[in-house]
Structures are given as C-alpha cells and as structure tokens.
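User: I would like to go through the side chains of this model. Could we begin with a charged residue?

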Amino acid sequence: MGQGPVIALSGGVGGAKLALGLSRLDLGDELLIVANVGDDFEHLGLTICPDLDTVTYTLSGLSDQEKGWGRTDEGWRFMESLGQLGGEDWFNLGDRDLALHIMRTQALRSGESLTAVTRTITRRLGIAAPIVPMTDDPVRTMVQTADGPLAFQHYFVRDRCEPVVTGFDFTGINNARPQADFKAALSDPDLQAIVITPSNPFVSVDPILNLPGIRDTLRAVAAPVVAVSPIVAGLAIKGPAAKMMHELGMPTTALAVAEHYGELLDGFVLDHGDGDQANAVAALGVRPLVTKTVMESLEDRENLAREVLGLARDIGN
Ligand code: FO1
C-alpha cells in the first residue's frame, strides 16, 4: 500500500480483532482506529466507554479472550462488595478494569477531552496505533423497543439483548463533531482506505456513519471504503446483530449487511460460507472478496487485515 492513512471504524469484539490484525501490518503510524462511543454510559458515577476499552485492551494484549470485553487476569472483589452493599451489580467491573474507569472519569471531569485521556491510556499500555473516539462530543445509542427506549447497556447487558428492537436513536449525534484526527485523515489526499470492521452495523458502525458529514465525506473520498461482514452463514459471530436484523425485518445475511451500508461501499468481504452471495454483492456495484473472515487465531486476524487492504488496493488501482 502507499503511505497514506488507513482508517478503521471499530465497535466491539469483532472490530477489535480486525483492528489488532491491521495494527500488526507494517502500516507504521498510518493506521487510525476510530472507536464507537454510542455504547458509552454513566454508571456508578463513572463514564464507561466499552468499545474504546475493548479495542484498547485487545491491542495491548490485556483483553479477556473468552468474554471479549474487560481484562484478563481480573479480580471481582469490588463487585462482591458492591453486591453486599446493594449497589447496581448487573454491569461487571473488574478490579483492574475499575482503575481505568476511575482515571478516565477523573480526567474528563477535570476538562480533558476523551481523545486526550484515551491517548494517555493507550500510551501507558504501550499501544502504538492511535485509537480515537469517533467524537469528543456526547453521543448515546438508544435502542427503540416495543416497550419503549432503552439505553444501550441496559439493552445489551442488563436485559441481555432480549427486548425486540424496532429501531435506534443516537442521542446528541446532530451536535457531535467528528474527532479531529478522524476528520483530518478523511481529508488527507493520501488516504488509502476506510475499513468498516465486522462490528454490529446498527449499534457500532452506524453511530460513526451518522456523524454529521461523514456519509457525504465517505462518498466523496477517492479512497475505497471496504467492509467486512459481521454475519457468517446467517449468524453473528458474537452479539445481537443477527437478532436485530431479524427483528428489523431484514434477511440475516451478509448480503443484507452490504445493502445496509449501500452506496458507501466499494468493497465487501464475505466468509467462504457466504460465497454464494458474492454475485449479488457485485450486482450492487460493490467488489466482493470471499475469504476466511472468522478470526480464531492471531494469524487469522493478520491475514484478514492483509486481504482487506489488498482488496482496497485492487479497487483503488
Ligand atoms: N458485557 C456484558 O455482557 N456483561 C458485562 O457485565 C459487561 C461489563 C463490561 C464492563 C466494561 C466494559 O468495557 C465492557 C463490558 N461489557 C459487558 C461489554 C459491553 O457491554 C460492550 O458494550 C459490548 O462489548 C458491546 O460493544
């Protein structure tokens, strides 16, 4: 690839896996990881930023691999005591993880931006690739359900994704400005690619795409926009994406994800299990790539990252 920026839009676990793969390619400081903040919420007086934390812990090698969130080698004595005292214990904060939330909350309260405190944290954890929030302004995903709106973490964790979703709102999105480095990379004439990682299209990627001006910018930039399907053979690898698609009356297919992103896309990466949908993706005017998108090993993460950039290069030539 050339030497311009590669922007990766990342949400939860799937996004972080591909972000890790991208960070291990020799992109130098050209890789910019933009994390969703719609999952963020105020809890126990703390500002919790789960998607920033998932990608931060993943790139620092501290993430708990089987849960997909939080830290490995974790203790839960804080949660035990919280429970004893009758505190809200539906959202699990590990003893080590808690230090990050307290530090970030303190920094934000003292007027530091989320970008600034994220830079402090990622540097302390030895992460080279810049990780930035999609915006430094407050945006909160509200899940519309048959029984009324739910804050995202209430839907996702407290209610275990059981409510039937009817739509999504991103509170604050109209007044939110794209984060400065994100905005600058998008207007960099050497921008190489924008990668939409295999995160939940509705609650992890759409908050970023719905920032004022982002969709228009993605349509206008010369750099290819390439997405990796989070749906493989009709199922989400992790999380409620397929359930949401079903409840929204969409087919739970990789093709339906490509159609959801629509004309923003130049390329779309499907798993071998969905190879039969490649022609339909091509019929959208989007270049398909069929490969192994299920990332079990570190090598899988790197291989997929390499193939995604290869697709972007082929489209760009
Ligand atoms: N997800 C859960 O399913 N249960 C939890 O108790 C939980 C706690 C938690 C604490 C910190 C953090 O950064 C993430 C946490 N998550 C938990 C994941 C979180 O709900 C994210 O929003 C998901 O990863 C989706 O992006």
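Analyst: Arg306 is partly exposed, at a relative accessible area of 45%. For accessibility, buried means under 20% relative accessible area, exposed over 50% and partly exposed in between, with a 1.4 Å probe and protein chains only. The model is predicted: local features need pLDDT of at least 70 and side-chain atom pairs pLDDT 80 or more, while totals for chains, interfaces and linings use all residues. Residues are numbered from 1 along each chain as its sequence is written, and side-chain values use heavy atoms, without hydrogens and water.

User: Which side chain does Arg306 meet in a salt bridge?

Analyst: The partner is Glu302, with an N to O distance of 4.0 Å. A salt bridge here is a side-chain nitrogen of Lys or Arg within 4 Å of a carboxyl oxygen of Asp or Glu.

User: How many residues apart are Arg306 and Glu302 in helix H13?

Analyst: They are four residues apart in H13 (residues 298–316), so about one helical turn separates them. Helices (H or I, at least four residues) and strands (E, at least two) are DSSP runs, numbered from the N terminus. Glu302 counts as buried at 16% relative accessibility. Salt bridges with shared partners also join Arg24 to Glu302 and Arg306 in one network.

User: What does H13 meet in helix H1?

Analyst: From H1, the residues in contact (heavy atoms within 4.5 Å) are Lys17, Leu18, Leu20, Gly21 and Leu22. On the H13 side they meet Leu298, Arg301, Glu302, Leu304, Ala305 and Leu309. Glu302 therefore takes part in this contact as well as in the salt bridge with Arg306.

User: How many salt bridges are there in the whole structure?

Analyst: The search of the whole structure finds 15. One of them joins the side chains of Asp73 and Arg96, at 3.3 Å from N to O. Asp73 lies in the loop between helix H2 (50–59) and helix H3 (77–84), and Arg96 is in helix H4 (residues 95–109), so this pair ties together parts that are 23 residues apart in sequence.

User: Is Asp73 buried or exposed?

Analyst: Asp73 is exposed, with a relative accessible area of 55%. Its partner Arg96 counts as partly exposed at 40% relative accessibility. The backbone of Asp73 may also be of interest: its phi is near 55°, a positive value in a residue other than glycine.

User: Where does Cys161 lie, and what is its phi?

Analyst: Cys161 is in the loop between helix H6 (152–158) and strand S8 (165–171). The phi of Cys161 is near 60°, again a positive value in a residue other than glycine. At 13% relative accessibility, Cys161 counts as buried.

User: Back to salt bridges. Which residue does Asp64 pair with?

Analyst: Asp64 pairs with Lys67 through their side chains, at 3.0 Å from N to O. Asp64 is buried, at 10% relative accessible area, whereas Lys67 is partly exposed, at 23%.

User: One more topic. How many residues of helix H8 are buried?

Analyst: In H8 (residues 201–209), nine of the nine residues are buried, and the helix is described as mostly covered. Its buried residues include Phe202, Val203, Val205, Ile208 and Leu209. Ser204 and Asp206 are also among them, as are Pro201 and Pro207.
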